[in-house]
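Me: Could you take a close look at one part of this model for me, the backbone around its unusual loop residues? I'd be glad if you then set that part in its wider surroundings.

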Amino acid sequence: MSTHFTHDIGVQRIVNVGAAQLGPINRDHSRSDVVERLLVLLRRASERGVELVVFPELALTTFFPRWFISNIGESDHWYETAMPNEATRPLFDEARRLGIGFCLGYAELTEPDRSGARHRYNTQILVERDGSIVGKYRKVHIPGHETNEPDRPFQHAERYYFEPSPEGFPVWRAFGGIVGMMICNDRRWPESYREMGLQGVEMILCGYNTPIHYVPDPSQDILQGFHNSLVMQAGAYQNGTWVIGVAKGGVEEGVDSLGQSSIVAPSGQIVAQTITTGDELISADCDLEWCRRYKETLFDFDRYRRPEVYTRLTSQRGVIEPPRS
Ligand code: CDT
């Protein structure tokens, strides 16, 4: 049996996507300072014909979970309570004027729910070319620790500052295809990609802040770049999807973070990667039709997956080893 792809007759579905990496944002940088930098990258993207620009995780502030404060109420200034807001309005306006969509990560403090509780999420939104918000994703896998660990050189207290989202991994029809989002640590978990893969995702947008120094096991420090590429390339290939990984890199408030923002094809190949750890734009023509080469062959889920023998994946969280007897 031979498989015929639309490529063979020249049909393409190209979205020109930009990965707008940011260098460090210090704690005294204002939202307006940062938005000015985002606008520079957005305009550069427009000149290059980019249709969708992806910014990093927590793109409006420094990575504040590196500091612990005992009263979380004193951290509200790091969070956005509305989007757009006064500080980000120029980004929304300029993107709409240029006809470019964007994806932006930020810390979100919600309105009170029915019980009066406000929630803190690590959030990313997808904005269409007309300025409308088509999707909001809240981070599912929250890494790091919940309490102060004063012996560390820096904290990674994301589990103090953010709740894990119960909403999972939705996808949206946008930019002529099926688009999903994930945030930083999510990219290390195959479940993130597969949840979206099972909804036919064709492009996953992922912002990240990855310190080079991994305090619990420093032997991993030298492998940060390798692991970053490993997980995104595997996730792309195994689900037949584009993956756009975008860093906030460089030495931010004394903590060195990985750059290596990448655009990964459904083949698993990296088609573009940043060469600095500062503000830098890379872009690529991403043909969403290319996903079919993998979704309809090796990774034809409906034909080859065996969910009936994967029951542990949803019924169990930690490892249960076989009895020793
Ligand atoms: N931001 C984020 O999720 N960073 C994590 C660091 C893990 S170490 C606590 C990451 O997976 O890159």
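Reply: Happy to. One term is needed before we start: a residue is called buried if 20 or more other C-beta atoms lie within 10 Å of its own, exposed if 12 or fewer, and partly exposed in between. Please also keep in mind that this is a predicted model.

Let's begin with E253. This residue sits in the loop between β10 (250–252) and β11 (255–257). Its phi is positive, about 50 degrees, although E253 is not a glycine. That deserves a second look, since most residues other than glycine have a negative phi. As for its surroundings, E253 has 15 other C-beta atoms within 10 Å, so it counts as partly exposed.

Further along the chain there is Q260, found in the loop between β11 and β12 (262–264). Here too a residue other than glycine has a positive phi, near 55 degrees. Is Q260 buried or exposed? Q260 is buried, because 21 other C-beta atoms lie within 10 Å.

Another backbone feature belongs to a loop as well. P84 is placed between β2 and α2 (89–98), and the peptide bond joining M83 and P84 is cis, with omega about 0 degrees. For context, most peptide bonds are trans.

The P84 loop follows β2, which leads us to the sheet. This is an open sheet of 6 strands in the order β5-β4-β3-β2-β1-β14, and its pairing is mixed. At the edges are β5 (133–138) and β14 (280–287), each pairing on one side only. From one strand to the next, the twist averages 25 degrees. Within the sheet, β2 (residues 52–54) runs parallel to β3 (residues 101–109), and 3 bridges join the two. In one of these strands, β3, F102 is the bridge partner of V53.

A helix belongs in this picture too. Helix α1 (residues 31–47) lies across β1 (14–21), β2, β3 and β14, and runs at about 40 degrees to β14.

Finally, the ligand. Which residues surround the ligand? They are E57, P143, G144, H156, C184, N185, R188, Y208, N209, T210 and Y214. Sorted by class, this shell holds 4 nonpolar, 5 polar and 2 charged residues.

To return to your loops: E253 is partly exposed, whereas Q260 is buried, and the cis bond lies between M83 and P84. Those are good places to start as you turn the model around.

How values were computed
Residues are numbered from 1 along each chain as its sequence is written. This is a predicted model: local features need pLDDT of at least 70, side-chain atom pairs count only at pLDDT 80 or more; totals for chains, interfaces and linings use all residues. A residue is near a molecule or strand if its C-beta atom, placed from the backbone, lies within 6 Å of it. Ala, Val, Leu, Ile, Met, Phe, Trp, Tyr, Cys and Pro count as nonpolar, Asp, Glu, Lys and Arg as charged, and the others, Gly among them, as polar. Two strands pair if DSSP finds at least two bridges between them. Helices (H or I, at least four residues) and strands (E, at least two) are DSSP runs, numbered from the N terminus. Axes are lines fitted to C-alpha atoms, for helices over the stretch in contact, and angles run from 0 to 180 degrees between N-to-C directions. Two residues are in contact if their C-beta atoms, placed from the backbone, lie within 7 Å.
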